[in-house]
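Trainee: Got a minute to go through this one with me?
Mentor: Sure, let's look.

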Amino acid sequence: MDELLAPIQDMLEGPIDFHGQHLAEILSTILLIISGAVSLIVGYIYKDIHLTLWLGLAGTLFTGLAVVPPWPIYNRNPEKWLTVGGKRGGPGVVVDGVKVA
């Protein structure tokens, strides 16, 4: 089973920075509200609950496609993390003029 899921997991995992997470959250909220409103209005005009549900499902799938994959737009501001163990001979972590690490 892992052989089948590993390529999908590799495709969906990727770097997303904090600004990208915020953008994805805002985008998903806006897209879901718009798709819900459009599906409700179209369903009301046509008096068809099935059309309403299908449009809502399509909007949800579109939102998932726009937000779930790690698109490059979500990694425009990558964080600069410290390396594990730090650099040898570098300044280290200095607090109030005292080197602590």
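Mentor: Ring pairs to start: rings of Phe, Tyr and Trp (its six-membered ring) pair if their centres lie within 6.5 Å; planes under 30 degrees apart count as stacked, over 60 as edge-to-face and the rest as tilted.
Trainee: How many aromatic pairs does the structure hold?
Mentor: Zero. Keep in mind that this is a predicted model: local features need pLDDT of at least 70, side-chain atom pairs count only at pLDDT 80 or more, and totals for chains, interfaces and linings use all residues. Residues are numbered from 1 along each chain as its sequence is written, and side-chain values use heavy atoms, with hydrogens and water left out.
Trainee: What sits over the ring of tyrosine 44?
Mentor: The charged end of lysine 47, 4.1 Å from the ring centre. The test is NZ of Lys or CZ of Arg within 6 Å of the ring centre and within 35 degrees of the ring normal.
Trainee: New topic. Which residues does UniProt list as "transmembrane region"?
Mentor: Residues 26-46 and 53-74, from an unreviewed entry. Such annotations may be inferred rather than shown by experiment.
Trainee: What's the helix content over residues 26-46?
Mentor: 100% helix and 0% strand, with the end C-alpha atoms 30 Å apart. Helices are DSSP runs of H or I, at least four residues; strands are E, at least two.
Trainee: And over residues 53-74?
Mentor: 68% helix, 0% strand, and end C-alpha atoms 30 Å apart.
Trainee: Is methionine 1 buried or exposed?
Mentor: Exposed, because its relative accessible area is 66%, and the cut-offs are under 20% for buried, over 50% for exposed, partly exposed in between (1.4 Å probe, protein chains only). Methionine 1 is in the segment before α1.
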